[in-house]
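Visitor: I would like to go through this model and ask how each label is justified. Where shall we begin?

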Amino acid sequence: MRERYAVVGNPVAHSKSPQIHAEFARATGQDLEYGRIEAPLDGFERTVEEFRRQAGKGLNVTVPFKEAAFRYCRKASRRAQAAQVVNTLVFSASEVFGDTTDGIGLVADLTRNIGFDLSGKKLLLMGAGGAAQGVVQALLDAGVSRLLIVNRTVSRARSLAARHGVEACGYDELHGQSFDIVVNATSAGLADEAPSLPDSAFKPGTLAYDMVYGRDTPFLAQARSAGARALDGLGMLVEQAAESFFVWRGVRPDTRPILAGLRGGQTL
Ligand code: ATR
């Protein structure tokens with residue numbers, strides 16, 4: 001029987017992960033199937049237990065269950081412990097191992113695909129929810145010289161920042177400050193909204209990166225009109241998927257063809 005994997009979330013119908021993992025499996029000759037599972041908002045654990053009973057080998061976890069997945073796993077990687085969120089679960093007969101590949105996926109996209117060297121850079125991270133939590137440690141490990149977390153609810157930014165020994169503030173405290181890179185880890189773009197970021201955050205050459213993919217968010221539009229280079233999170237999606245695939249299968253797929261295919265809108 002082919003080994004079973006899936007992405008679990010709510011909503012999950014839009015997820016490109018099945019397409020990406022099917023292509024990774026084809027390209028690397030791995031015999032597996034990868035589906036998508038919508039768990040009820042109050043039924044994450046139940047859904048995972050059912051998947052395990054059906055001999056499921058691993059899950060990707062997406063919104064809004066990444067914190068629940070961290071609580072669910074019995075062992076967690078160092079990077080998952082730092083993030084306190086899990087997007088990759090690995091099941092064996094008696095163990096549940098949790099990992100988070102979002103941070104390394106973001107850094108891989110920035111450095112390898114985009115060619116943006118993070119070392120010594122001033123970075124503004126917008127948001128303090130699960131998406132932001134997943135990437136702080138990896139950005140610090142990549143050598144940024146400053147990492148400032150800004151959030152609408154400032155107390156959330158402060159508690160995330162305190163865990164990592166970095167600074168936090170509210171949007172109204174940003175006036176007059178500029179950054180080499182601004183990463184949008186808020187879900188604002190999904191509602192066609194933008195955080196109230198002053199244009200002064202951007203200077204010529206600033207990279208504006210929205211973790212949301214597949215749509216031109218108001219944040220990216222603002223960044224472009226302020227003279228910044230604006231990019232969406234499709235590359236991060238593919239890179240975090242490749243890292244999850246490696247965690248499960250011990251094989252690292254080449255991300256370039258699938259990223260090019262998704263960017264070109266081709267059918268894979
Ligand atoms: P996720 O797992 O996607 O991070 P989340 O934990 O609900 O989801 O967090 C959503 C993040 O987007 C939060 O940082 C939220 O700010 P608050 O903590 O103040 O709620 C942020 N966010 C959502 N909509 C926003 C908006 N319109 N403007 C600014 N920030 C927004």
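Guide: With T101, in a model that is predicted. T101 has a relative accessibility of 0% and therefore counts as buried.

Visitor: What makes 0% enough to call T101 buried?

Guide: Buried means under 20% relative accessible area. At 0%, T101 falls under that cut-off, so the label applies. T101 sits in the loop between β6 (96-99) and α5.

Visitor: Which residues is T101 in contact with, leaving aside its neighbours within four places in sequence?

Guide: They are R79, N87, T88, Q240, E243, S244 and V247.

Visitor: What makes the pair T101 and S244 a polar contact?

Guide: Their side chains are joined at 3.2 Å. A polar contact needs N or O atoms within 3.5 Å, so this distance meets the cut-off.

Visitor: After that loop comes α5. How do you know that the length of helix α5 agrees with its number of residues?

Guide: Helix α5 covers residues 102-113, twelve residues in all. At 1.5 Å a residue the expected span is 16 Å, and the end C-alpha atoms are 15 Å apart, so the two agree.

Visitor: Which residues of α5 are buried, and what do they pack against?

Guide: The buried ones are D102, G103, G105, L106, V107, A108, D109 and L110. They pack against α3 (66-72), α7 (136-141), β10 (181-184), β11 (207-210), α10 (234-249) and α11 (256-263). Just after α5, G115 has a positive phi of about 75°.

Visitor: How does the span of helix α1 compare with what its residues should give?

Guide: Helix α1, residues 17-28, also has twelve residues and should span 16 Å; its end C-alpha atoms are 16 Å apart, which agrees. Its buried residues are S17, P18, I20, H21, E23, F24 and A25. Their cover includes β1, β2, β3, α10 and α11. G29 follows α1 and has a positive phi, near 70°.

Visitor: Why is strand β3 called mostly covered?

Guide: Five of the six residues in β3 (56-61) are buried. Buried means under 20% relative accessible area, so five of the six meet that cut-off.

Visitor: What makes β1 and β3 a pair, and are they parallel or antiparallel?

Guide: A pair needs at least two bridges, and five join β1 (residues 3-9) to β3, so the two strands pair. They run parallel. One of the bridges puts V7 opposite its partner N60 in β3. On to β5 (residues 88-91): three bridges join β3 to it, and these strands run antiparallel. There, G58 has V90 as its bridge partner. Four bridges join β5 to β6, again antiparallel, and L89 has G98 in β6 as its partner.

Visitor: In what order do the strands of the open sheet lie, and which stand at the edges?

Guide: The six strands lie in the order β2-β1-β3-β5-β6-β4, with mixed pairing. β2 (32-38) and β4 (75-76) are the edges: each has a single partner strand, so one side of each has no neighbour in the sheet.

Visitor: Which residues come nearest to the ligand?

Guide: Of the 14 residues around the ligand, N151, R152, T153, R156 and E193 come nearest.

Visitor: What makes the approach of E193 to the ligand a polar contact?

Guide: A nitrogen atom of the ligand is 2.6 Å from an N or O atom in the side chain of E193. The cut-off is 3.5 Å, so the distance falls within it. The protein covers 78% of the 650 Å² of accessible area that the ligand has on its own.

Terms used: Residues are numbered from 1 along each chain as its sequence is written. This is a predicted model: local features need pLDDT of at least 70, side-chain atom pairs count only at pLDDT 80 or more; totals for chains, interfaces and linings use all residues. Side-chain values use heavy atoms; hydrogens and water are left out. The expected span of a helix is 1.5 Å times one less than its number of residues. Buried means under 20% relative accessible area, exposed over 50%, partly exposed in between (1.4 Å probe, protein chains only). Contact means heavy atoms within 4.5 Å. A residue is near a molecule or strand if one of its heavy atoms lies within 4 Å of it. A polar contact is a pair of N or O atoms within 3.5 Å; within protein, one must be able to donate a hydrogen and the other to accept it, and residues adjacent in sequence count only if both atoms are side-chain atoms. Accessible areas come from the Shrake-Rupley method with a 1.4 Å probe; for residues, only the protein chains shown count as cover.
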